[in-house]
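Biologist: Hello! Could you walk me through this structure, one question at a time?

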Amino acid sequence: MAKAETVKRETGLEKREAELPEGVERIREGRQFIPAADIYETNDAVVVQADMPGVSAGSVDVVIEKNVLAIRGTVPREVPEGMSLAYREYVVGDFVRSFSLNDEVDRENIGASVSNGVLTLTLPKLGPMQKRI
């Protein structure tokens, strides 16, 4: 085994397939993966960066429901026109992940962008005088 493969496996950076809760069915065929994510905090915001290769800005959904931030990214599965798939090593699938939010996040002003396969969410913090009851 090559050294790069060993490091990749030891750090857990391989794609992790998402498991569905019992009784839940997928409405889109194919696999779903849990994107690797980093979370940073500044004085003004919490920033979440999630690796979602193959996902475009138009195919990302960000939903907040009952203090849960859910992100979903859809990856196209079709082979480019005029070509046929001869060999595949990269497993294609959609991405889904959820995070619990606390009351310090301003849910009305969350920013999102996708660049080079990385989703960046900026979750502004509420100021001490702006906290909601």
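**A walk along the chain**

Modeller: Happy to, and let's begin with a single residue: lysine 125 is partly exposed, its relative accessible area being 21%. Keep in mind that this is a predicted model.

Biologist: Which residue forms a salt bridge with lysine 125?

Modeller: Searching the whole structure turns up one salt bridge. The closest N and O atoms of the pair are 2.5 Å apart, within the 4 Å that a salt bridge requires. The partner of lysine 125 is glutamate 41.

Biologist: How many residues apart are lysine 125 and glutamate 41 in the chain?

Modeller: The pair links distant parts of the chain. Lysine 125 sits in the segment after E9, whereas glutamate 41 belongs to strand E3. Glutamate 41 is exposed, at 58% relative accessibility. In sequence, the two are 84 residues apart.

Biologist: Thanks! Stepping back, what pattern does the chain follow along the sequence?

Modeller: The chain has one helix and nine strands. Of its 133 residues, 24% are buried. Among contacts with a separation of 6 or more, 52% are between residues 24 or more positions apart. Read along the sequence, the pattern is α-β-β-β-β-β-β-β-β-β.

Biologist: Which strands stand at the edges of the four-stranded open sheet?

Modeller: The strand order in this open sheet is E3-E4-E9-E8, and the pairing is antiparallel. Two of the strands have a single partner strand each, so one side of each is left without a neighbour in the sheet. These edge strands are E3 (37–41) and E8 (111–115).

Biologist: By what angle are neighbouring strands of that sheet turned against each other on average?

Modeller: Here the direction of the strands is ignored. On average, neighbouring strands of the sheet are turned against each other by 15°.

Biologist: Which residue in E9 stands opposite valine 114?

Modeller: E8 pairs with strand E9, residues 118–124, in the antiparallel sense. Five bridges join the two strands. Opposite valine 114 stands leucine 119.

Biologist: What phi does asparagine 116 take in the hairpin of E8 and E9?

Modeller: Most residues other than glycine have a negative phi. Asparagine 116 is found in the loop between E8 and E9, and two residues lie between the strands of this hairpin. At 80% relative accessibility, asparagine 116 is exposed. Its phi is positive, near 55°.

Biologist: And what is the phi of asparagine 67?

Modeller: Asparagine 67 is found in the loop between E5 and strand E6 (68–73). This residue is partly exposed, with a relative accessible area of 35%. Although asparagine 67 is not a glycine, its phi is positive, at about 65°.

Biologist: What about the aromatic rings: which two residues form an aromatic pair?

Modeller: The count comes to one aromatic pair. Its ring centres are 6.3 Å apart and the planes make an angle of 45°, so the pair falls between the 30 and 60 degree limits and is called tilted. The residues are phenylalanine 33 and phenylalanine 95.

Biologist: Are phenylalanine 33 and phenylalanine 95 buried or exposed?

Modeller: Phenylalanine 33 lies in strand E2 (residues 31–34) and phenylalanine 95 in strand E7, 62 residues apart. Relative accessibility is 4% for phenylalanine 33 and 4% for phenylalanine 95. Because the cut-off for burial is under 20%, phenylalanine 33 and phenylalanine 95 count as buried.

Biologist: With which side chain does aspartate 106 make a polar contact?

Modeller: Aspartate 106 lies in the loop between strand E7 (93–100) and E8. At 12% relative accessibility, aspartate 106 is buried. Its side chain makes a polar contact, at 2.6 Å, with the side chain of asparagine 109.

Biologist: How far apart in space are proline 124 and isoleucine 110?

Modeller: Proline 124 is found in strand E9. Leaving out residues up to four places away in sequence, proline 124 touches several residues, including Asp106, Asn109 and Ile110. Proline 124 and isoleucine 110 are 14 residues apart in sequence, and their C-alpha to C-alpha distance is 6.4 Å.

Biologist: One last thing: which residues is serine 59 in contact with, leaving aside neighbours within four places in sequence?

Modeller: Serine 59 lies in the loop between strand E4 (45–51) and strand E5 (60–65). At 18% relative accessibility, serine 59 counts as buried. Its contacts are Arg72, Gly73 and Thr74.

Terms used: Residues are numbered from 1 along each chain as its sequence is written. This is a predicted model: local features need pLDDT of at least 70, side-chain atom pairs count only at pLDDT 80 or more; totals for chains, interfaces and linings use all residues. Side-chain values use heavy atoms; hydrogens and water are left out. Two strands pair if DSSP finds at least two bridges between them. Axes are lines fitted to C-alpha atoms, for helices over the stretch in contact, and angles run from 0 to 180 degrees between N-to-C directions. A salt bridge is a side-chain nitrogen of Lys or Arg within 4 Å of a carboxyl oxygen of Asp or Glu. Buried means under 20% relative accessible area, exposed over 50%, partly exposed in between (1.4 Å probe, protein chains only). A polar contact is a pair of N or O atoms within 3.5 Å; within protein, one must be able to donate a hydrogen and the other to accept it, and residues adjacent in sequence count only if both atoms are side-chain atoms. Rings of Phe, Tyr and Trp (its six-membered ring) pair if their centres lie within 6.5 Å; planes under 30 degrees apart count as stacked, over 60 as edge-to-face and the rest as tilted. Contact means heavy atoms within 4.5 Å.
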